[in-house]
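Subject: Structure handover

Hello,

Below is the structure I said I would pass on. My notes on what was found in it follow.

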Amino acid sequence: VILISFLLSGNLNGRLMTLGEPAASCLGNTLNTSNFATLKYRLQGRIQCKICTRVNSLKMSNLKITAKTGFIKNEKNTGRQGNKMLRALNERNAVVNIAEAQFPAPFKSSLEYSPPARGNWNIVHVGMLVPESHQIYAAAQACLRGVVLTAAEMGCMERFSTIAVEEKNLIDGKIDALIIDGVSDILEKLPKRPKAVLLFTTCIHNFIGCDLNFVYSELRKKFPDVDFADCYMNLIMRKTAGQAEPLLRKQMYTLLKPETKGKSVNILGNVKALPESCELVQMLENAGYEIKDVCSCKTYEEFQSMGGSVANISTMPYSDSGNLALSERLGQKALILPLCFDYAKIEGSLRLAAETLGCEMPDVEKLKEEAEKEALETKKIVKDMPVETDYTAVPLPLEFAEYLLAHGFNVTGVY
């Protein structure tokens, strides 16, 4: 078994498949279940030894994969079949047949565990995209563990600080002052004042009724040369206020200020700039538009210039709310062009962008032929090897699985 989502994303790059990059997404797209009668749908949050990408989460560094046999081979104890290992590690109700899955929620929502090596970006990675910014997290030490490790892993500790919330802070009535004094102490001691601060508060501030409006008002008065973005690591609000990642992609753009509009377009919400081979990029550049993306910004001034674009384009579902909010605030056009695996939908997105921005449509039929050719070439390489897709690798993993099945791939599971 091998996960080839990234392989295919690379081979189809620039072939009607490049309106975004691999990232977490929503799972709730309904498909014809007859196409998936034998396909397994696996819960992402379970303990995993997936023969493919989750080896580090179990610290099984001595395991090797052989695609020919589908066996897990252990250098110390060889010969255990992969499916036996998977059965031993499966948790109850962590796997269902697609034909029996209930959409949009195939699994019951309850206590969930996020594997530390799950592979996708978290809020620290995303926040670091804003150049010349500094992240400050005010949280209990247990909550700080993950974000501290991420900053260390990135080698960005000089752009990262924490304010520890202790038990005494919950009863002394000074939680507001703790944030204000903590942020002030951090900024006054930094060797260079950041242009912007992304300040993350957490669940505990909601529980005890912290006056965050007062906190930010005081900080902006005290540091008028610093732009503050109110950000949240608040899991108890994920069903109402939104999950942390899409919420951050909304809040980070609150830093942008209105500027004189020029002939430029913003791409919002990705973690990597769209490649030059992307047909959307080519269409916009051929029409004379400059493409701006926080992923490509080297300075805070470059980032601020995004406020002067005439339109915002989001290609990933977790970026749509941020797109709509920013476009309304700055008087920009909002274009939601979702990355997907359906030629008709992709053509519709390109046509919407062309009509809205006055661009000439690319030769869609030629692009379809190129995409089909790439899919066939990839199938020759993969042959009948079992394939499983993962929502952290591609958005709409079920639609991606349907595309692969339609092109003869042996798709056996979806995470």
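**Helix α5 and its surroundings**

The buried residues of α5 pack against six elements: β6 (133–139), β7 (160–164), β8 (196–202), α6 (203–207), α7 (212–222) and β9 (227–233). Please keep in mind throughout that this is a predicted model. The residues of α5 that are buried are Ile175, Asp176, Ile179, Ile180, Gly182, Val183, Ser184, Ile186 and Leu187. The helix itself runs over residues 175–189, 15 residues in total, and its first and last C-alpha atoms are 21 Å apart, close to the 21 Å expected at 1.5 Å a residue.

Of these neighbours, α7 has its packing geometry worked out. The axes of α5 and α7 come within 9 Å of each other and cross at roughly 30°. Angles under 35 degrees count as roughly parallel, so α5 is roughly parallel to α7. Their crossing is right-handed. On the α5 side the contact is made by Asp176, Ile179, Ile180, Val183, Ser184 and Glu188, and on the α7 side by Leu212, Phe214, Val215, Glu218, Leu219 and Lys222. Asp176, Ile179, Ile180, Val183 and Ser184 are also among the buried residues of α5.

**A second helix pair**

Helix α9 (residues 279–286) and helix α12 (residues 343–357) pack at about 15°, with 11 Å between their axes. That angle makes α9 roughly parallel to α12. The crossing of α9 and α12 is right-handed. Glu279, Leu280, Met283 and Leu284 of α9 meet Ile346, Leu350, Ala353, Ala354 and Leu357 of α12.

**The chain as a whole**

The protein chain has 14 helices and 15 strands. Of its 415 residues, 49% are buried. Taking contacts between residues at least 6 apart in sequence, 74% join residues at least 24 apart.

**Nonpolar cores**

The largest nonpolar core has 34 residues, and within this core Tyr137, Leu248, Tyr253, Leu255, Phe303 and Met306 touch the most other members. Two or more residues come from each of α3 (123–127), β6, α4 (141–154), β8, β9, α8 (244–251), α10 (300–304) and α11 (320–330). β6, β8 and β9 on that list are also elements that the buried residues of α5 pack against.

What is Leu248 in contact with, leaving aside its neighbours within four places in sequence? The contacts of Leu248 are Ile123, Val126, Gly127, Leu198, Phe200 and Cys231.

Apart from the largest core lies another, of 22 residues, which includes Leu274, Cys278, Cys359 and Leu396.

**Individual residues**

Leu396, one of the members of that other core, has a phi near 50°, a positive value in a residue other than glycine. Leu396 sits in the loop between β14 (387–389) and α14 (397–406). Its relative accessible area is 17%; buried means under 20%, so Leu396 counts as buried.

Glu132 also has a positive phi, near 60°, and is likewise a residue other than glycine. Its place is in the loop between α3 and β6. Glu132 is partly exposed, with a relative accessible area of 28%.

Thr299 touches Glu132 and Pro131, not counting residues up to four places away in sequence. The C-alpha atoms of Thr299 and Pro131 are separated by 5.3 Å, although the two residues are 168 apart along the chain. Thr299 lies in the loop between β11 (290–292) and α10 and counts as partly exposed at 28% relative accessibility.

The last residue in these notes is Asn206, in helix α6. Asn206 is partly exposed, with a relative accessible area of 41%. With residues up to four places away in sequence not counted, Asn206 touches Asn234 and Ile236. Asn206 and Met237 are 31 residues apart in sequence, and their C-alpha atoms are 9.2 Å apart in space.

Regards

Methods
Residues numbered from 1 in each chain as written. Predicted model: local features only at pLDDT ≥ 70, side-chain atom pairs only at ≥ 80, totals over all residues. Heavy atoms only, no water. Helix = DSSP H or I, 4+ residues; strand = E, 2+ residues; numbered from the N terminus. Expected span 1.5 Å × (residues − 1). Buried < 20%, exposed > 50% of the residue type's maximum accessible area, 1.4 Å probe, protein only. Contact = heavy atoms within 4.5 Å. Core = buried A, V, L, I, M, F, W, Y, C linked by side-chain atoms within 4.5 Å. Axes fitted to C-alpha atoms, helices over the stretch in contact; angles between N-to-C directions. Parallel < 35°, antiparallel > 145°, perpendicular 65-115°, else oblique. Left-handed = near helix turned anticlockwise from the far one by under 90°.
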